[in-house]
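Visitor: I should be grateful for a close look at one aromatic residue and its setting. Please then place it in the wider picture.

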Amino acid sequence: MSRAIGKAHMIVLDVGRSCAIATGRDKQSFFDKAKTCASLIVQRLIFSAPNDHVGIVLFGTDETNNQLNVDSGGYENITEAFELKPPNWQTLRILQNQVVQTESEAGWFDALIVATNFLRNGALGKKFTGYSIILLSPLFVAGDIDKGQLESVADGISNMLGVLHVITNYVLHPAASVASIFTTTGTFDDQASKTEARTENERYVRQILDATDGTLANINWAERMLTFFDAKAVRPTPWNSTLTIGTKVKLSISAYYIVCEQKGLGSFKVDSVDDAASRVEMRTQYFLNDKPAEISMQDIIMGYMYGSTVVPYDNTIDIEYKSGDCRLACLGFTASSNILEEHLSGKGSHVVVAKKGCGASNQKLCALVKAMHELNVVMIATKVYRKDTKPRLNALIPTYKHGNPCLVMLELIFKDELCSLKFPSLLKSSKNKPTNEQYDAIDKLIDSMNLMDAVDDSNGECREAFALNSTFNPTLQHVYRTVAHRALNPKQPLPDVNSTLQELIDVPKKVLDRSKAALEEVRKAFELKEIKQNTRAEWLQRMAKIKVGTDASGSSSSTTIDSGVLMDEEADDGSDDANRRMVVSVGTVTPAEDFALLLRRGEKFATVATQLQNAVFELLFTSMRPPGSKVIAALLAYRSEAQKLGPYRYNEWMTDC
């Protein structure tokens, strides 16, 4: 028995002269939009469903090339352009570059009959999970269609479990429609001014769509929805295991991903522009100070990064530990309030249900979920995904998903992974405490940026902006479009962010308009004052006159750590020299100034650079006060001098950090 290889799609594209009608505000012809939609459909199949097959039938062509016309005649100006095969970039290039509009005409119903026959013949000997026919036409050409032919075509599509999707103009969609194309349907606009042929064609199309449970889409709406690429469909694979509670209670369970990290493009076959066989070779190179270096494999050891520190790892001292068989073992129960958000980790969450076909486990799980829900507790369990893999802690939370009892499994951290970060107070004194007017201004700004009613639809109703069920990841979408553009136009520069993607990043216009007044109040309530930073030239001018016990900003530094500054004992005559200092090393009070002064004095760059590195390390990891702009100023001074005196020491230090 042959294995199912995906779905079969047949695109039926109208290229006749009736497609010259302009659609949308941009006055683009129906043909241009229809060809764009057909191209986007093929692109979506390449990225999201590479196992599907797609074919293309063109009607309204100057020539005639289809099997039905050869066998029985009567199907003129219809061409079977692409036979049913997996989607590829070559098909897409031909569709975009060689398919042009003609001055001929053909009926959409005849093209539908040819496409149905072409799809049926192309699927012989192959097992598909579904069939679909996508018709793109303005439906302007009148046709002699009788009721018997209409029912015959509808029965032919239904008998092979096919679905008809029609993309045309004069179609209205529900204002709240956020579903993707081919899963939602619109209705014909009965108020629009149409020809008699168009009205009659709409009646025929409705009958076929009702018989095949098909969909109807507006050409402008379809073009917009098709520009968003869906993630590759993956069959949900359960993690089957046994949940043990104590020594006697055992449940056969299956865990499914319900929330996981969205993945972008996976691996795919390399397609050459000139159709020549191409091969991708990976090569690893090692660089030292931006120069290629030859490194022996004997000099390479395993290591891990712990923050900015490299920790070598020697597998010869590895402690042999075997976690045992795959399992989900209960360690105990705790109150739900004991599980905090900072205790959760992992890349997603699972839903745990009883294994299919295990009635006893299902009854036990129902009783367990009910008891945990009534007691408001969660289960703490250890999970071993596969035999002898690292065990992880998990919290199993009782819930009812669509009325069915189940457990939501979330990974937990171990105690040594818990890091409690303490941040200094933003209010160093009562002087900086916000006033009631400032609090009110921020409250108004927050209310004005509410996204729950940020979009007004055509019916005057408000709906949520950036809803999770209708919002795409703009980064992944841009990657999809960039890859498609490079595959179709290998010599052109990469495109900028599309306007439809920009809408996923920009603030909604309604929010932007109603927040202007609130932003103005915030601007008046919080007066901003510019604080000028001292430049390196100013440091050198002030270097000899900086008082002991003061930092670069003039504030007292009596509580700071050792600055490496010694007083000149001979300067005790009460003159200005008594207020001067003698710098002997780079300290932590004014590291940038010390560094510049020592270099001007003639000290070796290597010596002064090492002192600066130590001072920066103390400011970042030892000082009890926030380093502020000292570290940034020191790094800028170090980098500036390294560019002149040699970048190697600076580059090595930054790499180690």
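At what relative accessibility does F472 stand, and does F472 count as buried, exposed or partly exposed?

Guide: The structure is a predicted model, and every value below is computed from it. F472 has a relative accessibility of 22% and therefore counts as partly exposed, since buried means under 20% and exposed over 50%.

The ring of F472 has a partner. The count of aromatic pairs comes to 13. In the pair of F228 and F472, the ring centres are 4.7 Å apart and the planes stand at 5 degrees, so this pair is stacked. The two residues belong to distant parts of the chain, 244 residues apart. F228 sits in the loop between helix 7 (219-226) and strand 11 (239-245), and F472 in the loop between strand 23 (462-463) and helix 10 (474-488). Unlike its partly exposed partner, F228 counts as buried, because its relative accessibility is 5%.

A second pair has another geometry. F605 and Y638 form a tilted pair, with 6.1 Å from centre to centre and 50 degrees between the planes. F605 belongs to helix 16 and Y638 to helix 17 (residues 630-645), so the pair ties together parts 33 residues apart in sequence. Both F605 and Y638 are buried. They also belong to a cluster, in which ring pairs link F595, F605, Y638, Y650 and W653.

Two members of that cluster, F595 and F605, also take part in a packing of helices. Helix 15 (residues 591-601) and helix 16 (residues 605-621) pack at about 175 degrees, with axes 10 Å apart. The two helices are therefore roughly antiparallel, as an angle over 145 degrees is required for that description. P591, F595, L598 and L599 of helix 15 meet F605, V608, A609, Q611, L612 and L619 of helix 16. By class, this contact has nine nonpolar residues, one polar residue and no charged residues.

Helix 4 offers a further example of enclosure. Of its 15 residues, 11 are buried, so helix 4 is largely enclosed by the rest of the structure. Among the buried residues are W108, F109 and F118. At 1.5 Å a residue, helix 4 (residues 108-122) should span 21 Å, and the 20 Å between its end C-alpha atoms agrees with this.

L412 shows another meeting of separated stretches. This residue lies in strand 21 (residues 404-412) and, at 6% relative accessibility, counts as buried. Its C-alpha atom is 5.6 Å from that of H343, although the two are 69 residues apart along the chain. Beyond its neighbours within four places in sequence, L412 is in contact with several residues, including I339, H343, I380 and R392.

Two loop residues deserve mention for their backbone. L161, in the loop between helix 5 (147-159) and strand 7 (162-168), has a positive phi of about 60 degrees although it is not a glycine. D213, in the loop between helix 6 (196-212) and strand 10 (215-218), also has a positive phi, near 55 degrees. Most residues other than glycine have a negative phi. L161 counts as exposed at 68% relative accessibility, and D213 counts as exposed at 65%.

As for the whole, the protein chain has 18 helices and 25 strands. Of its 657 residues, 38% count as buried. Among contacts between residues at least 6 apart in sequence, 71% join residues at least 24 apart.

Methods. Residues numbered from 1 in each chain as written. Predicted model: local features only at pLDDT ≥ 70, side-chain atom pairs only at ≥ 80, totals over all residues. Heavy atoms only, no water. Helix = DSSP H or I, 4+ residues; strand = E, 2+ residues; numbered from the N terminus. Expected span 1.5 Å × (residues − 1). Buried < 20%, exposed > 50% of the residue type's maximum accessible area, 1.4 Å probe, protein only. Axes fitted to C-alpha atoms, helices over the stretch in contact; angles between N-to-C directions. Parallel < 35°, antiparallel > 145°, perpendicular 65-115°, else oblique. Contact = heavy atoms within 4.5 Å. Nonpolar A, V, L, I, M, F, W, Y, C, P; charged D, E, K, R; others polar. Phe/Tyr/Trp six-rings, centres within 6.5 Å; stacked < 30°, edge-to-face > 60°.
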